[in-house]
Amino acid sequence: MTHPTAAATVSIHTQRVISEISPLLFGGFAEHMGRCIYEGIYDPASPLADERGFRPDVMKALKEINYRIMRYPGGNFVSGYRWQDGIGPRSERPRRRALAWRSIETNQFGLHEFMAFAEELGTLPMWAVNLGTGTIQEAADLVEYMNLPTGTHFSDLRAKNGHPDPYGVKYWCLGNEMDGPWQIGQMDAATYADKAVQAAKLMRWMDPSIKTIACGSSSTSMVSFPDWDRTVLEHSFEHIDYFSMHHYAANPYPTVSNIEGLPIDTDSYLASSVHFEEHADILGAAIRLAKAKTRSKNNVFLCWDEWNVWYRAKGGDGEWAEAPHILEEEYNLEDALVVATWLSTFLRKADLIKIACIAQIVNVIAPIMTRPDAMFKQTIFYPLALFSQHASGVALDVLVKSPLHDTKRHGPVPLLDISASFDALSGKGATFLVNRSQTEPLTVTLNWEDVGPQGFTQGWQMSGSDPMAGNSFSAPDAVTAHEIELPKLDGKVASLVLPPLSFTALISHHDPA
Ligand code: AHR
């Protein structure tokens, strides 16, 4: 049920603050799988590649997103990865079967190549260690290789391989999705927690300045969710800084076992943020419980290090090929709107979520698609770039009065999804709005309660009548964000009409502090 003249009001007070926005909310994830690394970020055979094998067109688009942190090298891949395969002369690096994705790994792209990529991109690396087939000693050796000054075996090896200065990698994931039967070396929660604690201990003895991230459940649909999370948190609380959560959205939802036969339901899909918030809230409660039970003074935050829409290209069988075309999901308008509500969820939960990484960055469930001679931006590229470029300072707790509409999966949900940020230092405000209605425009009145903006400086919108419309190599700009006419300010009030199925980012300028 929708209203023909639907209208929402929003009250914004720059002192009603949820939390500072961690810049690391705008992170990515690059896994050795499919064509994310090979033919994605590293494509020496492409006529467009530079002398390092990087594609300037891809690099430019990645820079536009302004990724602040990059998780690497997996994912499921990492649970069978020997990091020493990816160092030293390329001609001597082994070809191996990567069991996670039934692919061939050539190791032509490895540790130093990734660090050069991250440096060029201007993003922090977040390195996952192998806790599947890997040992705690190998994890500690990797920290030695990465972070110690020369003078010991692995730090000297790093220098020999061309990088005398320590890399100083700060963020370290303790394995990946160790609860899943698909994971190499799957284990139960208590066994994983023991291994994660021992790995974290050794890694921190190598470099006490590192931050560690333990694995949460791989999805809310796991039978072991949320007991896995509670158990791991209680065992590891003193040894970790962040707790990892993974979540993939789908239309219809859920993604994995019972997708067949469920009808497409766009209204429910566009309300997915109800589920995202619930997931974060459950883990937030588990963190508080573990902190209380362990009487710990430590603080643990959420690291949502795999999130995205993923449900069409589910097959992960690389058939023992190099760079197989797997998980090459094509995104549409409704996916972009869900991604926008997801990013708004990060702002609304900015006190709890401090790191987030979209999975993944190129070709594999990604905002960017490549072929040797071209690339295009998928629909989901636009909300990601707009949030990353403009959400800064603090997240504001805005008061929203919005008409509701009924959804099959989530019951009555507000038509308006909104988040707002305010940066007192620069005087920049940003408001991100999604109209979930498929048919009705929504008039939104924004009302600043304390200092109003001096004016709006920029605004962008994505909208369309077909939620299934997307981009492709032949129509790369079918669905993009375009600049809009800026609303007029009347004192501290502004109104705008949001088209159905739309995402709008509105930037305002205030007197800097
Ligand atoms: O991002 C693709 C895969 O999804 C990752 O390798 C794994 O961690 C998750 O199941």
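Here are some exercises with worked solutions on the predicted model shown above.

**Exercise 1. Walk across the open sheet**

Find the order of the strands in the open sheet of seven strands, and say which strands form the edges.

*Solution.*
Step 1. Going from one side to the other, the order reads β2-β16-β20-β21-β27-β23-β24, and the pairing is antiparallel.
Step 2. An edge strand pairs on one side only, and this applies to β2 (17-20) and β24 (482-483).
Step 3. Take a look at the β24 end: two bridges join β24 to strand β23 (residues 455-463), and the two run antiparallel.
Step 4. For a concrete pair, pick Q461, whose bridge partner in β24 is H482.

**Exercise 2. A helix on the sheet**

Which strands does helix α10 touch, and what angle does its direction make with that of β21?

*Solution.*
Step 1. Locate helix α10 at residues 381-390, where it packs on the sheet.
Step 2. List its contacts: β20 (416-423), β21 (428-435), β23 and β27 (502-509).
Step 3. Compare directions: that of α10 makes about 155° with that of β21.

**Exercise 3. One threonine in the sheet**

Is T431 buried or exposed, and which residues does it touch?

*Solution.*
Step 1. Place the residue first: T431 belongs to strand β21.
Step 2. Apply the cut-off, which calls a residue buried under 20% relative accessible area. T431 has a relative accessible area of 4%, so it is buried.
Step 3. Leave out residues up to four places away in sequence, and the contacts of T431 are I12, I418, S419, A420, L446, T504, A505 and L506.

**Exercise 4. A covered strand and its partners**

How many residues of strand β13 are buried, and in which sense does β13 pair with β3 and with β11?

*Solution.*
Step 1. Strand β13 covers residues 353-359, and seven of its seven residues are buried.
Step 2. Strand β3 (residues 27-29) is joined to β13 by three bridges, and these strands run parallel. Here G27 has C357 as its bridge partner in β13.
Step 3. Strand β11 (residues 301-309) pairs with β13 over four bridges, in the parallel sense. Here W307 has I358 as its bridge partner in β13.

**Exercise 5. Unusual spots in the backbone**

Find where the cis peptide bonds from Y72 to P73 and from N251 to P252 lie, and then examine the positive phi angles of N66 and L501.

*Solution.*
Step 1. From Y72 to P73 the peptide bond is cis, with omega near 0°. P73 sits in the loop between β4 (69-72) and β5.
Step 2. From N251 to P252 the bond is also cis, again with omega near 0°. P252 sits in the loop between β10 (242-249) and α7 (266-270).
Step 3. N66 is not a glycine, yet its phi is positive, about 65°. Its loop runs between α1 (56-65) and β4, and N66 is partly exposed with a relative accessible area of 30%.
Step 4. L501 is not a glycine either, and its positive phi is about 50°. The loop that holds L501 lies between β26 (493-498) and β27. L501 has 0% relative accessibility, so it counts as buried.

**Exercise 6. Looking for empty space**

How many cavities of 30 Å³ or more does the structure have, and what lines the largest cavity?

*Solution.*
Step 1. Start with the idea: rolling a probe the size of a water molecule over the atoms shows where empty space is left.
Step 2. The search of the whole structure finds four cavities of 30 Å³ or more. The largest cavity has a volume of about 90 Å³.
Step 3. It is lined by 13 residues, and the closest to its centre are H32, M33, S103, I104 and E105.
Step 4. Strand β6 (residues 103-105) gives the largest share of this lining, three residues.
Step 5. Sort the lining of the largest cavity by type: nine nonpolar, three polar and one charged.

**Exercise 7. The second largest pocket**

What is the volume of the second largest pocket, and which residues are the closest to its centre?

*Solution.*
Step 1. The second largest pocket holds about 400 Å³ of space.
Step 2. It has 26 lining residues, and G80, Y81, R82, N130 and T133 are the closest to its centre.
Step 3. At least two lining residues come from each of β5 (96-98), β7 (124-129) and α3 (136-147).
Step 4. By type, the lining of this pocket divides into 14 nonpolar, six polar and six charged residues.

Technical notes: Residues numbered from 1 in each chain as written. Predicted model: local features only at pLDDT ≥ 70, side-chain atom pairs only at ≥ 80, totals over all residues. Heavy atoms only, no water. 1 Å grid on protein atoms, 1.4 Å probe; cavity = no way out; pocket = protein on both sides within 12 Å on 5 of 7 lines; lining within 4 Å. Points joined across faces, edges and corners; volume = space filled by probe spheres on them. Nonpolar A, V, L, I, M, F, W, Y, C, P; charged D, E, K, R; others polar. Pairing = 2+ DSSP bridges. Contact = heavy atoms within 4.5 Å. Axes fitted to C-alpha atoms, helices over the stretch in contact; angles between N-to-C directions. Buried < 20%, exposed > 50% of the residue type's maximum accessible area, 1.4 Å probe, protein only.
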